[in-house]
Amino acid sequence: MKYIPAFIILLLLWGGILWIFTTNHPSDALGYPHVRQELAQPDGALKTMMFQGGIGRDRHIQVAGAGLFFGVVTLVGFSLLIAWGCRSKNSNQEIAAFFWNLMVMIGIIYVGAFLMMVIAYQSSWDYPFEPHYLGPFPVGTTLMFLGICGVPVGFIVLYVLFYKEFILPAKSLARFHALVEARQSAKSETEDVS
Amino acid sequence: MEGYRSFIVFGCILAYMAMCIGVGIWAMRRTKSTSDFFMAGRHLGVFVTSAAVFASTMSGFGFVGGPGIAYKSGTSSFWMMISISIGMCIMFFLLGKRLRLLAGLTNSLSVPEIVASRYKSNRTGGLMAIALLPGVFIYLAVQIKAMAVVLFDLLQDLDWTRSVSLEWCFIICCSVLVFYCVTGGMVASVYTDFIQGIIMIGAALLVFYAAMTTLDGGFTEMAQIITQDDPESMQPWGTMGMVSCLSIYFIMAFGVCGQPHVISKLMMTRKPEDSRHLLPLSLAGFILSAILWVSIGITMRAVVVGDFHLPLSDADQASSAFLTQYAHPVLAGVVFAGLFAAIMSTADSFLNIGAAAVVHDLPKLMFRRVVKNELFWARVMTVLIAVGAALIAYFAEDTVAMLGVMGWSAFAIAFVPTVALGLNWRRANRLGAELSVLSGFIVYSLIFFSGTELPFRFHPGAFSLLVTVTVFFLVSLATPPDTIEPDVEELLEL
């Protein structure tokens, strides 16, 4: 029973990959050498040095669903891995509900930021040369920096604030020192005997 | 001052190299045992360790390869960088505590030794030592190539050094690196990492300012120039597309906790509870220094497509081209020193890990023997590994960043399931660990050597990592659990 989340995540990841691999692959899905030859392969270059992406809608429309699915499952999987790493048999159960609620909220915001980024990007398909800007970059790109890169800071805040309650409780640390001492004394006893 | 640009830049780099050699000699006096050479005596403070963690993660891969691939493929490049924030979270949540506790309990000097203790199997640990070597060679090649390419570009600016060939640059870089690593070992590495980390952060912030003022409209104007040339290059998926970027994100983020040069630093802290402060400090350092990646990458693509700068004949020249053309000479000197700093610190870690695997782990775990005069042979092995990696770097055709992802993938396949998952899951067993590593490498090699390109350029490393994790999980569940040391078993639950 306790392995079901891991089973489901692995199954969904493989499902996402299968979906991606069976999706029709447009010829320019991965970009192409820059149309200006002097940029794509300047004098002295042995291979392509600059690529272009082309038309976003054309290259992404078929794989958007599969990509979105794989991305969401990946982010959910990462959030679950982080939650899994918080287990300690000596964790503070009195504030467990509060802690786990915060953890779930950050996970949801993380996935939400990804969805917003994808939506912002897809909404730029209608006017690719005049996208909306948020700060110096198009909205989707800014959300990539602030959302996908920024939201995990929330997990770090939890790590620091609840370190002694959930990551390494004082009882666990004390037990660790006891185990080290026990191993050292056992080792010295063995050496004495030999 | 512009007239003396090349001399100022060289002055800064030479001063830095001299400092490295000085630290190497100082550290050699402090390196009295293999524990000092491989683990810096396990008494590092929080700031030194956090600087070592982020400096090792950033490396030449980030300082040279990152801007290079941003120039080549636009924002696709940034998925490698932004993945580190969640990647470090995963690494610290899964390993920050457990790795340090297990190292403290079993007095392990290396990641393969940790694996041997966890699974109570020398064969599993030995397999890890072997699995570590391909990644060491590839990733070290990345560092040497990055260093040689930058040095070569720099030498082209001076009349009297223009005739120095790229081959000689490889030899010079390899020699400095070897001297620094052989003399000082991990003690030299981590103590210079601290200085290097500060240089890297300072350099990145100054570069950010220089990049912002390259064009009057700052980054907004640059983003608009790139968008007018090719809108996709400035949108989140860049030129490589959604699936390719997501697969890179997957391997980079999940793979952090399988990078031995990074996770081995977690074993070196003075106290287990230091990991509480290591995570925020390491990530803050990484993000600040990664500003350089974004700044130079966007600026160079914008000025080239906007016809303000000649096209680059090698994308990896983006950093050096920016610094020699758009940065104040003193800033260029400091950044080049920072760049060499990043490369040296990572390369040093790899040389140490590789030497530890061959001289310490393999004989001890596979043949139950301890090499006589281990410290001497560790130094000899350091030289041999550096030479081998330099040859790979010289003959490899890939860019620094793509080579870097390849090395990253090799480590991730070997260590993510066995270490990151295995240290958190009591049910994991040695058969699962061994089969997962073997299956991952077989799949990765088949894809790589057959030249197969997965649909939508799904990264083969991400695919192989998922194979290893699946095999690890299923085999461990399908076979009986191992008997391990009771104290290790208890420690896994603490």
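**Exercise 1. Which residues in helix 5 of chain B are buried?**

Start with the ground rules. This is a predicted model, where local features need pLDDT of at least 70, side-chain atom pairs count only at pLDDT 80 or more, and totals for chains, interfaces and linings use all residues. Residues are numbered from 1 along each chain as its sequence is written, while chains are lettered from A and ligands numbered from 1 in the order in which they are written.

Step 1: get the terms straight. Helices (H or I, at least four residues) and strands (E, at least two) are DSSP runs, numbered from the N terminus. A residue is buried if 20 or more other C-beta atoms lie within 10 Å of its own, exposed if 12 or fewer, and partly exposed in between, with C-beta atoms placed from the backbone.

Step 2: read off the residues. The buried ones are B:R98, B:L99, B:R100, B:L101, B:L102, B:A103, B:G104 and B:L105.

Step 3: interpret. Because 8 of the 9 residues are buried, helix 5 of chain B is largely enclosed by the rest of the structure.

**Exercise 2. Find what follows helix 5 of chain B, and look for a similar backbone angle elsewhere.**

Step 1: step off the end of helix 5 of chain B and you meet B:N107, with a positive phi near 55 degrees. Most residues other than glycine have a negative phi.

Step 2: place B:N107. The residue sits in the loop between helix 5 (98-106) and helix 6 (111-119) of chain B. B:N107 counts as partly exposed because it has 15 C-beta neighbours inside 10 Å.

Step 3: go to B:R457, another residue other than glycine with a positive phi, near 50 degrees. Its loop runs between helix 18 (430-450) and helix 19 (460-478) of chain B. With 18 C-beta neighbours inside 10 Å, B:R457 is partly exposed.

**Exercise 3. Describe the build of chain B.**

Step 1: count the elements. Chain B has 20 helices and 0 strands.

Step 2: check the overall shape. The radius of gyration is taken over C-alpha atoms, and the globule rule is 2.2 Å times the number of residues to the power 0.38. For 494 residues a compact globule would come out near 23 Å, and the 22 Å of chain B agrees. The C-alpha trace of chain B spans about 65 × 50 × 40 Å along its principal axes.

Step 3: look inside. Of the 494 residues in chain B, 68% are buried. B:Y180, in helix 8 (residues 166-212) of chain B, is buried, with 25 other C-beta atoms within 10 Å. B:Y180 and B:A27 are 153 residues apart in sequence, yet 9.6 Å apart in space, C-alpha to C-alpha.

Step 4: find the core. A nonpolar core is a set of buried Ala, Val, Leu, Ile, Met, Phe, Trp, Tyr and Cys residues joined through C-beta atoms within 7 Å. The largest one has 246 residues, and B:I90, B:L140 and B:I144 have the most contacts inside it. Helix 15 (residues 329-367) of chain B gives the most to this core, with 23 residues.

**Exercise 4. Now do chain A, and see where the two chains touch.**

Step 1: count again. Chain A comes to 9 helices and 4 strands, in the order α-β-α-β-α-α-α-β-β-α-α-α-α.

Step 2: check the shape. A compact globule of 194 residues would have a radius of gyration near 16 Å, but chain A has 25 Å. Buried residues make up 37% of chain A.

Step 3: look at the interface. Two residues are in contact if their C-beta atoms, placed from the backbone, lie within 7 Å. On that basis, 72 residues of chain A are in contact with 68 residues of chain B. The chain A side divides into 48 nonpolar (Ala, Val, Leu, Ile, Met, Phe, Trp, Tyr, Cys and Pro), 18 polar (the others, Gly among them) and 6 charged (Asp, Glu, Lys and Arg).

Step 4: pick an example. Leaving aside neighbours within four places in sequence, the contacts of B:I90 include A:F78, A:L81 and A:I82.

**Exercise 5. How does the model score in ipTM and pTM, and where is confidence lowest in chain B?**

Step 1: the model scores ipTM 0.95 and pTM 0.90.

Step 2: use pLDDT, the predictor's confidence in each residue, from 0 to 100. Chain A averages 91, and chain B averages 85.

Step 3: within chain B, confidence is lowest in helix 2 (residues 34-39), at a mean of 60, and highest in helix 19, at 95.
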